[in-house]
Amino acid sequence: MRNDVRELRAGKGLSQGDLGRELGVSRQTVNAIEQGRYDPSLPLAIRIARYFGTTVEEVFHVD
């Protein structure tokens with residue numbers, strides 16, 4: 001599944017560690033999500049979308 005997490009994070013000037021702290025996950029988890037190696041749970045996907053003020057569907061794209 002593709003996602004726009006990296007672009008959204010960079011747009012706010014955040015490091016992966018910064019975003020991880022905001023979401024309650026590790027920097028490695030943020031990296032894995034951005035690389036498409038890990039699909040987040042639904043609660044985490046919702047937290048990500050809410051943090052960026054958007055919807056889950058606008059952040060995550062099914063290929």
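**Fold and packing of a predicted 63-residue chain**

Apart from neighbours within four places in sequence, D4 makes contact with E58, V59 and H61. This residue, in a model that is predicted, sits in the loop that joins β1 (2-3) to α1. D4 is partly exposed, and its relative accessible area is 25%. That value falls between the limits of under 20% for buried and over 50% for exposed. The C-alpha atom of D4 is separated by 18 Å from that of S26, a residue 22 positions away along the chain.

The chain as a whole contains five helices and two strands. Their order along the sequence is β-α-α-α-α-α-β. The radius of gyration is 10 Å, close to the 11 Å that the globule rule gives for 63 residues, so the chain is as compact as a globular protein of that length. Along the principal axes, the C-alpha atoms fill a box of roughly 25 × 25 × 20 Å. Of the contacts in the chain with a separation of 6 or more, 55% are between residues 24 or more positions apart.

Of the 63 residues, 37% are buried. The exposed area of the chain is about 3900 Å², and 48% of this is supplied by carbon and sulfur atoms. Positive and negative side chains number 9 each, and a distance of 6 Å lies between the centres of the two sets.

Two of the helices, α4 and α2, were examined by the placement of their buried residues. Helix α4 spans residues 42-51, and its buried residues are L44, A45, I48 and A49. These residues cover an arc of only 135° around the axis, which puts them on the same side of α4. An α-helix has 3.6 residues a turn, so residues three or four places apart point the same way. On the other side of α4, the residues L42 and R50 are exposed. The cover over the buried residues of α4 includes the helices α1 (5-11), α2 (16-23), α3 (27-35) and α5 (56-59). Strand β2 (60-61) also belongs to this cover. Just after α4, G53 has a positive phi of about 70°.

Helix α2 was treated in the same manner. Its buried residues are Q16, G17, L19, G20 and L23. Because they cover an arc of only 160° around the axis, these residues lie on the same side of α2. R21 and E22, on the other side of α2, are exposed. The partners against which the buried residues of α2 pack are α1, α3 and α4. A glycine with a positive phi also comes just after α2, namely G24, at about 80°.

A further loop residue, Y38, has its place between α3 and α4. Y38 is partly exposed, with a relative accessible area of 37%. Once neighbours within four places in sequence are set aside, the residues in contact with Y38 are T29, A32 and I33. Between the C-alpha atoms of Y38 and D18, which are 20 residues apart along the chain, the separation is 19 Å.

Key
Residues are numbered from 1 along each chain as its sequence is written. Side-chain values use heavy atoms; hydrogens and water are left out. Helices (H or I, at least four residues) and strands (E, at least two) are DSSP runs, numbered from the N terminus. The radius of gyration is taken over C-alpha atoms; the globule rule is 2.2 Å times the number of residues to the power 0.38. Buried means under 20% relative accessible area, exposed over 50%, partly exposed in between (1.4 Å probe, protein chains only). Contact means heavy atoms within 4.5 Å. Accessible areas come from the Shrake-Rupley method with a 1.4 Å probe; for residues, only the protein chains shown count as cover. Lys and Arg count as positive and Asp and Glu as negative; His and the chain ends are not counted. The place of a charge is taken as NZ of Lys, CZ of Arg, CG of Asp or CD of Glu. The arc is that of the directions from the helix axis to the C-beta atoms.
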